Amino acid sequence: MLLVRASERSGTPGTWSLPGGAVDHGEDPKHTVVRETAAETGISVAVSGLADVLADMRALPERGITLHTDRLLYTVSVRGGTLTDRVDRPTDLVRWVTLDEARGLPLRSFTARALGLPASSADVVPEEVPEFPSFYAVPGPDGLHRAQRFAAYAVVTDPEERVLLTRVSDGYPGAGCWHLPGGGTDYGEQPGAALIRELVEETGQTGRLVELLGVASHRDAASLGPEGYPIDWHGVRAFYRVVVDQPAPPTVADVGGSTCEARWFRREELTALSTDRLTEVTAEAVQAAHLL
């Protein structure tokens, strides 16, 4: 495995992790992992698959902050380049290591999990989850407010192979369109747990996770949100397959929120919907699940 070491300029100096980094506003995460791997290691890679989606929290006591990070883990193939250590950057060493060698290194927690190794103590985990808004927008360089949000959504089916969709309320991006159940993850929340919570709140259904289908990245550069002003919106969304074994008539518990209706669709009803009545992530996800 290819690992990089955090330098003294990082929040966790001396720890080792998988190559990668933060997704820029509007950037597709698959492009991020290629860009960041090249910057940290000197190696050019091509994304070959999605391995996992997870979240973690770590405290940085010396800075007085706690970080929540949503992580997309990809498998890649090496295309070329030369392994190169960096100087005066957040990472300073890069090495190929065996699994046995990795066991002896101080690993970041998400890296230990990704490699199937025991949980690492290299990260300081906060005792309590801090309060933090699920959504916030900040002024961008072009004058528009911008927001980037991670969310988890579900392609939900029942024993009759019906598909559960929700309709977006007026005043929200995509108003009137049919959407997947789900939504933004809360601070400290794992994507799967967030998804099951949102499913109950938006539709009244209890489901079970079956598989991770993919990740969608969409940008709407001037979407009028409920805040009343245009927002340069970038959504990164993991979508899963979920099964509801005992379906019930859908009910929307979060009245006045972004969901105004929930409904079970038979396959022929779903295929009869025009694509302009589906949100982008919905069309992409149901195609990945081979339902369209």
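**Exercise 1. Determine which ring the charged end of Arg167 sits over, and at what distance from its centre.**

*Solution.* The criterion comes first: a charge sits over a ring if NZ of Lys or CZ of Arg is within 6 Å of the ring centre and within 35 degrees of the ring normal. The ring in question is that of Trp178, and the charged end of Arg167 lies 6.0 Å from its centre. A further case is Arg263, placed over the face of Phe265 at 4.2 Å from the ring centre.

The model is predicted: local features require pLDDT of at least 70 and side-chain atom pairs pLDDT 80 or more, whereas totals for chains, interfaces and linings use all residues. Residues are numbered from 1 along each chain as its sequence is written, and side-chain values use heavy atoms, with hydrogens and water left out.

**Exercise 2. Classify the geometry of the pair formed by the rings of Trp178 and Phe265, and state whether each residue is buried or exposed.**

*Solution.* Step 1: rings of Phe, Tyr and Trp (its six-membered ring) pair if their centres lie within 6.5 Å; planes under 30 degrees apart count as stacked, over 60 as edge-to-face and the rest as tilted.

Step 2: the ring centres of Trp178 and Phe265 are 4.9 Å apart and the planes stand at 80 degrees, so the pair is edge-to-face. The structure holds one aromatic pair.

Step 3: Trp178 belongs to strand 9 (residues 178-179) and Phe265 to strand 13 (residues 259-265), so numbered because strands (E, at least two residues) and helices (H or I, at least four) are DSSP runs counted from the N terminus. The pair links distant parts of the chain, 87 residues apart.

Step 4: buried means under 20% relative accessible area, exposed over 50%, partly exposed in between (1.4 Å probe, protein chains only). Trp178, at 3% relative accessibility, is buried; Phe265, at 1%, is buried.

**Exercise 3. Identify the elements that give two or more residues to the largest nonpolar core.**

*Solution.* Step 1: a nonpolar core is a set of buried Ala, Val, Leu, Ile, Met, Phe, Trp, Tyr and Cys residues joined through side-chain atoms within 4.5 Å. The largest one has 19 residues, and those with the most contacts inside it include Leu165, Leu180 and Phe239.

Step 2: the elements are strand 7 (145-157), strand 8 (163-168) and helix 6 (280-288). Helix 6 gives the most, with four residues.

Step 3: apart from this core lies another, of 18 residues, among them Leu164, Leu195, Val244 and Trp264.
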